[in-house]
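I set out to record how the strands are arranged in the structure shown below. My entries follow in the order in which I looked things up.

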Amino acid sequence: MKKFYIILILEILFLYSCEERERSNPFDPNADPDAWAPSNLQAEVINDSQIKLSWTQEVEQITGFRIEKKAGIGSFSQIAEVEKGVTEYTDTGLNYGTDYTYQVQAFTDLNASGYVEITVYIPQPTLTITSPNGGET
(Lines give C-alpha, C1' and ligand atoms only; values in the text may rest on other atoms or scores of the structure.)
Protein backbone atom coordinates (compact mmCIF):
# COMPACT_ATOMS: atom_id res chain seq x y z
CA MET A 1 0.00 0.00 0.00
CA LYS A 2 2.87 2.35 0.85
CA LYS A 3 4.34 1.70 -2.60
CA PHE A 4 1.06 2.75 -4.25
CA TYR A 5 1.07 6.16 -2.50
CA ILE A 6 4.67 6.81 -3.41
CA ILE A 7 3.98 6.03 -7.07
CA LEU A 8 0.84 8.19 -7.01
CA ILE A 9 2.74 11.14 -5.51
CA LEU A 10 5.53 10.78 -8.07
CA GLU A 11 3.02 10.71 -10.93
CA ILE A 12 1.31 13.86 -9.65
CA LEU A 13 4.66 15.64 -9.29
CA PHE A 14 5.67 14.57 -12.78
CA LEU A 15 2.42 15.75 -14.38
CA TYR A 16 2.49 19.18 -12.72
CA SER A 17 6.18 19.81 -13.27
CA CYS A 18 6.09 19.36 -17.05
CA GLU A 19 4.90 22.77 -18.15
CA GLU A 20 6.31 24.67 -21.11
CA ARG A 21 8.75 27.39 -20.08
CA GLU A 22 9.93 30.44 -21.98
CA ARG A 23 13.13 29.70 -23.86
CA SER A 24 15.53 32.57 -24.30
CA ASN A 25 18.92 30.87 -24.61
CA PRO A 26 20.39 31.92 -27.98
CA PHE A 27 21.95 28.46 -28.41
CA ASP A 28 18.60 26.67 -27.97
CA PRO A 29 17.11 26.02 -31.43
CA ASN A 30 13.63 26.13 -29.86
CA ALA A 31 14.15 29.55 -28.25
CA ASP A 32 11.82 32.36 -29.22
CA PRO A 33 13.95 34.56 -31.53
CA ASP A 34 12.33 37.70 -30.13
CA ALA A 35 13.23 36.75 -26.53
CA TRP A 36 16.91 37.57 -27.11
CA ALA A 37 16.66 40.20 -29.85
CA PRO A 38 18.31 43.59 -29.31
CA SER A 39 16.05 46.31 -27.93
CA ASN A 40 15.75 50.07 -27.67
CA LEU A 41 16.99 50.72 -31.22
CA GLN A 42 17.48 54.45 -31.74
CA ALA A 43 18.70 56.53 -34.67
CA GLU A 44 20.26 59.97 -34.59
CA VAL A 45 20.87 62.06 -37.71
CA ILE A 46 24.45 63.30 -37.22
CA ASN A 47 24.57 65.48 -40.32
CA ASP A 48 23.15 65.47 -43.83
CA SER A 49 24.83 62.18 -44.73
CA GLN A 50 25.28 60.21 -41.47
CA ILE A 51 22.97 58.31 -39.13
CA LYS A 52 24.16 56.88 -35.83
CA LEU A 53 22.32 53.77 -34.64
CA SER A 54 22.42 52.56 -31.03
CA TRP A 55 20.70 49.68 -29.23
CA THR A 56 20.83 47.63 -26.05
CA GLN A 57 21.29 43.91 -25.55
CA GLU A 58 20.49 42.10 -22.32
CA VAL A 59 21.57 38.60 -23.38
CA GLU A 60 25.33 38.14 -23.23
CA GLN A 61 25.72 34.70 -24.86
CA ILE A 62 25.78 36.06 -28.41
CA THR A 63 28.46 36.34 -31.08
CA GLY A 64 27.55 39.75 -32.49
CA PHE A 65 25.04 41.84 -34.41
CA ARG A 66 24.02 42.07 -38.05
CA ILE A 67 22.85 45.43 -39.38
CA GLU A 68 20.73 45.71 -42.51
CA LYS A 69 19.44 48.75 -44.39
CA LYS A 70 16.97 49.56 -47.12
CA ALA A 71 16.46 52.89 -48.85
CA GLY A 72 12.89 53.88 -49.68
CA ILE A 73 10.87 50.88 -50.80
CA GLY A 74 13.95 48.86 -51.78
CA SER A 75 14.97 45.59 -50.20
CA PHE A 76 17.18 45.03 -47.18
CA SER A 77 20.87 44.29 -47.54
CA GLN A 78 23.43 43.69 -44.83
CA ILE A 79 25.71 46.69 -44.32
CA ALA A 80 27.68 45.60 -41.26
CA GLU A 81 28.40 42.86 -38.76
CA VAL A 82 29.81 43.95 -35.39
CA GLU A 83 31.05 42.11 -32.31
CA LYS A 84 28.85 41.48 -29.28
CA GLY A 85 30.28 44.33 -27.20
CA VAL A 86 29.52 46.93 -29.89
CA THR A 87 26.08 48.56 -29.58
CA GLU A 88 26.52 51.50 -31.97
CA TYR A 89 27.01 51.89 -35.69
CA THR A 90 27.30 54.99 -37.89
CA ASP A 91 26.07 54.72 -41.46
CA THR A 92 27.50 57.22 -43.96
CA GLY A 93 27.00 58.30 -47.55
CA LEU A 94 23.27 58.90 -47.28
CA ASN A 95 21.10 61.03 -49.57
CA TYR A 96 18.70 63.89 -48.85
CA GLY A 97 14.99 63.26 -49.09
CA THR A 98 15.24 59.51 -48.48
CA ASP A 99 13.70 57.18 -45.92
CA TYR A 100 16.21 54.68 -44.54
CA THR A 101 14.99 51.65 -42.62
CA TYR A 102 17.46 49.77 -40.45
CA GLN A 103 17.21 46.32 -38.89
CA VAL A 104 19.49 44.98 -36.16
CA GLN A 105 19.63 41.36 -35.10
CA ALA A 106 21.79 39.43 -32.62
CA PHE A 107 23.34 36.15 -33.74
CA THR A 108 25.31 33.15 -32.50
CA ASP A 109 27.13 30.49 -34.50
CA LEU A 110 23.89 28.48 -34.57
CA ASN A 111 20.96 30.92 -34.40
CA ALA A 112 19.77 34.43 -35.14
CA SER A 113 17.38 36.54 -33.09
CA GLY A 114 14.42 38.48 -34.34
CA TYR A 115 15.00 41.95 -35.79
CA VAL A 116 14.40 45.34 -34.25
CA GLU A 117 13.65 48.01 -36.83
CA ILE A 118 13.63 51.78 -37.17
CA THR A 119 12.99 54.16 -40.08
CA VAL A 120 14.72 57.53 -40.41
CA TYR A 121 14.08 60.30 -42.93
CA ILE A 122 16.90 62.59 -44.11
CA PRO A 123 15.08 65.82 -45.07
CA GLN A 124 16.12 68.14 -47.85
CA PRO A 125 18.15 71.03 -46.45
CA THR A 126 16.43 74.38 -46.33
CA LEU A 127 18.09 77.09 -48.33
CA THR A 128 18.22 80.57 -46.85
CA ILE A 129 19.34 83.40 -49.09
CA THR A 130 20.56 86.57 -47.44
CA SER A 131 20.27 89.78 -49.44
CA PRO A 132 23.17 92.25 -49.50
CA ASN A 133 21.37 94.53 -47.05
CA GLY A 134 21.15 91.72 -44.44
CA GLY A 135 17.54 90.62 -44.88
CA GLU A 136 16.46 87.07 -45.72
CA THR A 137 14.55 86.22 -48.87
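**Notebook: strand pairing**

I began with one bridge partner: Ile51 stands opposite Asp91 in β5. I worked on a predicted model, in which local features need pLDDT of at least 70, side-chain atom pairs count only at pLDDT 80 or more, and totals for chains, interfaces and linings use all residues. Residues are numbered from 1 along each chain as its sequence is written, and side-chain values use heavy atoms, with hydrogens and water left out.

I next looked up the pairing of β5 with β2, which spans residues 50-56, and found five bridges in the antiparallel sense. For strands I used DSSP runs (E, at least two residues), numbered from the N terminus; two strands pair if DSSP finds at least two bridges between them.

I then traced the sheet that holds these strands: three strands, open, in the order β1-β2-β5, with antiparallel pairing. I noted β1 (39-47) and β5 (88-92) as its edge strands, each pairing on one side only. The twist averages 20° from one strand to the next, where axes are lines fitted to C-alpha atoms and angles run from 0 to 180 degrees between N-to-C directions.

I turned to another open sheet, of four antiparallel strands in the order β4-β3-β6-β7. Its edge strands are β4 (77-83) and β7 (116-122), and each pairs on one side only. Here I recorded an average twist of 25° from one strand to the next.

Within this sheet I checked β3 (residues 64-71), which six bridges join to β4 in an antiparallel run. I closed with Phe65, whose bridge partner in β4 is Val82.
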